[in-house]
Amino acid sequence: DYRPAGYRAAFARLGLDPAAPVVLMGTSLGGFWARRLGQQLGRPWLALNPAMTIGQSVGHPLVIHRVAKGHELRRRIAEALETVGLSPPEQFMDKFPSDLSGGQKQRAVMARAIILNPLLLVADEPVSMLDMSVRAKILELMLQLKSELDLTYLYITHDLATAKFFCDRIAIMYLGRIVEIG
């Protein structure tokens with residue numbers, strides 16, 4: 001399956017078959033999903049490989065898809081880190097996840113999520129494990145990225161207060177089915 005575990009989990013939570021081929025208007029999207037969708041998980045300590053530096057982790061999608069290498073890879077990693085507020089980026093590239101705070105880890109996950117310039121970003125409980133002050137800053141950053149990068153989010157949460165603040169439309173699910181849209 002070309003979709004990462006985070007997508008499969010998000011699809012399963014939405015009641016969709018995560019293994020089914022993705023088809024839009026009769027055309028299989030195939031690798032499109034892997035390149036044009038980003039994922040932002042709520043548990044950044046699980047989303048970041050503890051054996052990889054932040055630079056390696058953020059740049060990993062570029063390496064996997066053979067989009068950049070060498071100086072261009074390092075430049076794009078620095079740009080993504082700067083975009084999410086981890087600056088100066090050189091200060092964070094060679095650190096490991098264990099060296100960062102919870103908010104910094106979440107920002108690193110966001111940098112990895114946007115590095116391929118996605119059209120859609122699946123944010124699965126992106127602020128649920130953060131304290132209130134950090135939560136507000138991350139939500140503000142997500143809104144800023146939405147505007148600057150023209151992102152669309154699929155925001156999955158149990159917290160209706162953040163959904164009300166963050167979302168344009170909300171679908172309420174119960175037992176895997178949408179029961180209300182507003």
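In helix α7, the buried residues (under 20% relative accessible area with a 1.4 Å probe, protein chains only) are Gly103, Lys105, Gln106, Arg107, Ala108, Val109, Met110, Ala111, Arg112, Ala113 and Ile114. That is 11 of the 13 residues of α7, so the helix is largely enclosed by the rest of the structure. The model is a predicted one, where local features need pLDDT of at least 70 and side-chain atom pairs count only at pLDDT 80 or more, while totals for chains, interfaces and linings use all residues. Residues are numbered from 1 along each chain as its sequence is written, and side-chain values use heavy atoms, with hydrogens and water left out.

As for its length, α7 runs over residues 102-114 and reaches 19 Å from first C-alpha to last, close to the 18 Å expected (1.5 Å times one less than the number of residues). Helices here are DSSP runs of H or I with at least four residues, strands are runs of E with at least two, and both are numbered from the N terminus.

Now for a neighbour. Helix α4 (residues 54-64) packs with α7 at an angle of about 30°, the axes being 7 Å apart. That makes α4 roughly parallel to α7 (angles under 35 degrees count as such). On the α4 side, Ile54, Ser57, Val58 and Pro61 meet Ala108, Ala111 and Arg112 of α7 (contact means heavy atoms within 4.5 Å). Sorted by type, the residues of this contact come out as five nonpolar, one polar and one charged.

Zooming out, the protein chain has nine helices and seven strands, and 43% of its 182 residues count as buried.

Technical notes:
Buried < 20%, exposed > 50% of the residue type's maximum accessible area, 1.4 Å probe, protein only. Axes fitted to C-alpha atoms, helices over the stretch in contact; angles between N-to-C directions. Parallel < 35°, antiparallel > 145°, perpendicular 65-115°, else oblique. Nonpolar A, V, L, I, M, F, W, Y, C, P; charged D, E, K, R; others polar.
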